[in-house]
Amino acid sequence: MQLSIADITADFPRFRVAVVAVDDLAITDARPQALDTLIAEREAACRERWGHLGLSQVPGIAAWREAYKGFGIKKTSYRSSVERLVKRVVAGERLPAVNSFVDLYNAVSLTHVFCCGADDRDKLAPPLAFRYAREGDSFRDMAGGGSAAAPDENPEDPPKPGEVVYADARHVLCRRWNWRQDARTGIGPTTTRAVATIQANGVGDLEAAVADFGALVAAHCGGHCRVAIADHATPVVML
């Protein structure tokens, strides 16, 4: 499986992404108690660390706001996934309970202030790429009202020209770099193989986040990981 960031490295040279192939997953709909306890501890740590600051003062969030400006997002109408998580937790809310795998990568995102996402590998069509949008790109917003069982019920919402997207060979997997995921490749209890991305933009310790993610996957979903990191010097990686 190939992942390329070659299309955007000239404009965003600080972008680094760990692509993680995860195998032998056992995902539960309900959040296990041990994972819930860990997430609650991380939520408290987030509030302690960032609660006295404005969101624009959080380095990991500021880096993504700057990147979004680089492809035409001038305001905070669209927030990176990690900004939405931090904002929610600092306001006193819990991280959303989706399933054990999504919940654990959201915990990694919150702790390291990196954008994280994942797709079911059996629903993907490699190669994968972070690239600029193209004419004819298809995207069905997972928040568009369709059900998990019928993702095609979500309306088409194609990206704008010049927008950074994450895509496979068939369609866009995530619009506005890491804003919202497509409905057709989502992670669920039947997922046994996934590909996750942990995305950095010049701030933070990506390798520490990858190690954290791998440990949580082993502890709470029974899976194991293979990792490659793409950056300006190595824009195309294989797993």
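Which residues does Leu3 touch, not counting residues up to four places away in sequence? In this predicted model, the list runs to Val17, Val19, Leu128, Phe130, Tyr166, Ala230, Pro235, Val236 and Val237. Leu3 also belongs to the largest nonpolar core, a set of 68 residues, where Leu3, Phe101, Trp177 and Phe213 touch the most other members. Helix 4 makes the biggest contribution to this core, giving seven residues. Apart from this core lies another one, made of five residues, with Phe139, Val165, Ala167 and Val172 among them.

Two of the contacts of Leu3, Val17 and Val19, lead on to strand 2, which spans residues 15-23. Strand 2 is mostly covered, with eight of its nine residues buried. What does strand 2 pair with? One partner is strand 8, joined to strand 2 by eight bridges in an antiparallel arrangement; here Val20 has Ala196 of strand 8 as its bridge partner. Strand 9 (residues 224-230) is another partner, again antiparallel, over seven bridges. In that pairing, Val19 is matched with Ala228 of strand 9. As a general point, strands of a sheet pair through backbone hydrogen bonds, either parallel or antiparallel. Side chains in a regular strand also alternate between the two faces of the sheet.

Then there is an open sheet of six strands, in the order 7-6-5-4-1-10, where the pairing is mixed. Its edges are strand 7 (180-181) and strand 10 (236-238), each of which pairs on one side only. Further in, strand 5 (residues 164-167) and strand 6 (residues 172-175) run antiparallel and are joined by two bridges. Tyr166, one of the residues that Leu3 touches, sits opposite Cys174 of strand 6.

On to helix 3, and to Glu83, which has its place there. Is Glu83 buried or exposed? Its relative accessibility is 2%, so Glu83 counts as buried. Leaving aside neighbours within four places in sequence, Glu83 is in contact with Leu55, Ile61 and Arg65. There is also Ser56, which lies 27 residues from Glu83 along the chain, with 9.4 Å between the two C-alpha atoms. Glu83 has buried company in helix 3, namely Ser81, Val82, Leu85, Val86 and Val89. An α-helix has 3.6 residues a turn, so residues three or four places apart point the same way. The buried residues of helix 3 pack against helix 1, helix 2, helix 4 and strand 3. Just after helix 3 comes Gly92, which takes a positive phi of about 100°.

Next come the open spaces. The largest pocket holds about 920 Å³ of space. Of the 43 residues that line it, Val98, Val102, Tyr105, Met142 and Gln181 are the closest to its centre. Helix 3 (81-90) shows up again here, as one of the elements that supply at least two residues each to the lining; the others are helix 4 (100-112), strand 3 (115-120), strand 6, strand 7 and strand 8 (194-201). By class, this lining has 20 nonpolar, 15 polar and eight charged residues.

The second largest pocket has about 150 Å³ of space. Its lining is made up of Arg49, Trp50, Pro59, Gly60, Thr111, His112, Val113, Phe114, Val203, Gly204 and Asp205. Two or more of these lining residues come from each of helix 1 (33-50), helix 2 (59-69) and helix 4. Sorted by class, five are nonpolar, four are polar and two are charged.

Finally, the structure holds one cavity of 30 Å³ or more, and the largest cavity has a volume of about 30 Å³. Which residues line the largest cavity? They are Gly60, Ala63, Trp64, Val113, Phe114, Asn201 and Val203. Gly60, Val113, Phe114 and Val203 also appear in the lining of the second largest pocket. Helix 2 supplies the largest share of the cavity lining, with three residues. By class, the cavity lining has five nonpolar and two polar residues, and no charged ones.

Note on methods
Residues are numbered from 1 along each chain as its sequence is written. This is a predicted model: local features need pLDDT of at least 70, side-chain atom pairs count only at pLDDT 80 or more; totals for chains, interfaces and linings use all residues. Side-chain values use heavy atoms; hydrogens and water are left out. Two strands pair if DSSP finds at least two bridges between them. Helices (H or I, at least four residues) and strands (E, at least two) are DSSP runs, numbered from the N terminus. On a 1 Å grid over the protein atoms alone, a cavity is a set of points where a 1.4 Å probe fits but cannot get out, and a pocket is an open set with protein on both sides within 12 Å along at least five of seven lines; lining residues have an atom within 4 Å of a point. Grid points are joined across faces, edges and corners, and a volume is the space filled by probe spheres set on the points. Ala, Val, Leu, Ile, Met, Phe, Trp, Tyr, Cys and Pro count as nonpolar, Asp, Glu, Lys and Arg as charged, and the others, Gly among them, as polar. A nonpolar core is a set of buried Ala, Val, Leu, Ile, Met, Phe, Trp, Tyr and Cys residues joined through side-chain atoms within 4.5 Å. Buried means under 20% relative accessible area, exposed over 50%, partly exposed in between (1.4 Å probe, protein chains only). Contact means heavy atoms within 4.5 Å.
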